[in-house]
Amino acid sequence: MDTSPKIKRESKNKIRVEFERAPLWERIKAKFFSMNFLKKVVFVVFRFVLLLGISYVILFPYISKIFQSFMSPSDFKDVTVVLISKNPTFDQYKYLVLENNYFPLMLKTFALSLSTAIIQTFICALVAYGLAKFKFKGNNIVFAIVVVTLMIPNEAISYSMYEYFNAWDYWPLTEKIDAFLKGINENWKFSFMNSYIPMYLLSFTGLGFRNGLFIFMLRQFFRGVPDELEESAYVDGSSTMKTFFRIILPISVPMLITVFIFSFAWQWTDDFYVGMFFNSIHVFNHGYPNIREIVRVIPPSLQAGASGLDAYLAAVTGTGTILIAAPLIIAYIFLQDKIVQGVERSGIVG
């Protein structure tokens, strides 16, 4: 039994020595002109071309928007300008940042996205832990409902959700709160519309944006946590909530970070709830540059050509998209390892 590996090893060494002693041309011919080497070259070239093509299809729209963000109005009337500007300028960024109060709106959106993401991460972790570790009647039904929420389009429940929160304005409790607020300031009025209250209520109840996905991911992760950890904690006299906070949450940090990042990103770019609960144009653009206001700062010379105007408006919209996505891109650069690690631990990848 010991001789077979030894003979195999000696044969390999003998072949290696004979190859090294062979003439240079023979070695080159054996190494680079064999069918095996040709197959490797073809595979490498095919993979490179395929990845290059996919990268081009995915990245070109972003690259074109970045280049267009530095174009001047005259570039959009010049048919010879395709991608590189002849008169590069920062006017589009100036219009969006200064004329539309980009930074104050960004800070307001950051505060809303951060607070709701923290709430959703905690609530979803609590719900997922209960579904993963506790056996009770209706457990599977509740989890099935969570999965169903992933399949229902937001537009299908938008009207009923709007009517639900809008109807609160007519409840007796609302009248009492209105009377109390008007006693403090006659201009104050309680309402769920044009406020962040519905978003916080949805986050606290685990019904916020994509909360079903977060519960599913966390449940899959918690099911992989050994029961012995909890049993040993219970033996030491630890309660359920104490075990959850002191044992389960600390070992779930990578998964919690992933859920937090997803929640923050989706809330940051959300226009579904904003369009539903805010009907004022000033409140509607709570965190996004008001693209509609850019029309008034377009030079009159450009407004004479409709095609140039449309192209410039599209470029300004693209520049606004770049400014909106920039914080998320920066966050992803520093947290991509945590995202990949959390997704791998969630058990939803093959």
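A residue counts as buried when its relative accessible area is under 20%. Keep that cut-off in mind as we walk through this predicted model. The protein has 350 residues, and 33% of them count as buried. Its secondary structure comes to 18 helices and 0 strands, so helices are what we will follow here, starting with a threonine and the helix it touches.

**Thr319 and its surroundings**

- Thr319 sits in helix H18, which covers residues 306-346.
- With a relative accessibility of 0%, Thr319 falls under the 20% cut-off and therefore counts as buried.
- The side chain of Thr319 makes a polar contact of 2.6 Å with the side chain of Gln92.
- Setting aside neighbours within four places in sequence, Thr319 is in contact with Ser69, Gln92, Tyr93 and Leu96.

**Helix H5**

- Helix H5 spans residues 91-99, and its buried residues are Gln92, Tyr93, Tyr95 and Leu96.
- These buried residues lie on the same side of H5, because they cover an arc of only 160° around the axis.
- Gln92, Tyr93 and Leu96 from that buried set also appear in the list of residues that Thr319 contacts.
- Just after H5 comes Asn101, which takes a positive phi of about 55°.

**Where H12 meets H13**

- Helix H12 (residues 227-235) and helix H13 (residues 240-251) have axes that come within 10 Å and cross at roughly 140°.
- That angle makes H12 oblique to H13.
- The crossing of H12 past H13 is right-handed.
- On the H12 side, the contact is made by Leu229, Glu230, Ala233 and Tyr234.
- On the H13 side, the partners are Thr240, Thr243, Ile247, Ile248 and Ile251.

**Where H6 meets H13**

- Helix H6 (residues 102-133) also meets H13: their axes come within 12 Å and cross at roughly 115°.
- H6 and H13 are therefore roughly perpendicular to each other.
- H6 passes H13 in a right-handed crossing.
- H6 brings Phe122, Ala125, Leu126 and Tyr129 to the contact.
- H13 answers with Met241, Phe244, Phe245 and Ile248.
- Ile248 of H13 takes part in the contact with H12 and in the contact with H6.

**The protein as a whole**

- Among contacts with a separation of 6 or more, 71% are between residues 24 or more positions apart.

How values were computed
Residues are numbered from 1 along each chain as its sequence is written. This is a predicted model: local features need pLDDT of at least 70, side-chain atom pairs count only at pLDDT 80 or more; totals for chains, interfaces and linings use all residues. Side-chain values use heavy atoms; hydrogens and water are left out. Buried means under 20% relative accessible area, exposed over 50%, partly exposed in between (1.4 Å probe, protein chains only). Helices (H or I, at least four residues) and strands (E, at least two) are DSSP runs, numbered from the N terminus. The arc is that of the directions from the helix axis to the C-beta atoms. A polar contact is a pair of N or O atoms within 3.5 Å; within protein, one must be able to donate a hydrogen and the other to accept it, and residues adjacent in sequence count only if both atoms are side-chain atoms. Contact means heavy atoms within 4.5 Å. Axes are lines fitted to C-alpha atoms, for helices over the stretch in contact, and angles run from 0 to 180 degrees between N-to-C directions. Angles under 35 degrees count as roughly parallel, over 145 as roughly antiparallel, 65 to 115 as roughly perpendicular and the rest as oblique. A crossing is left-handed if the near helix is turned anticlockwise from the far one by less than a right angle, and right-handed if clockwise.
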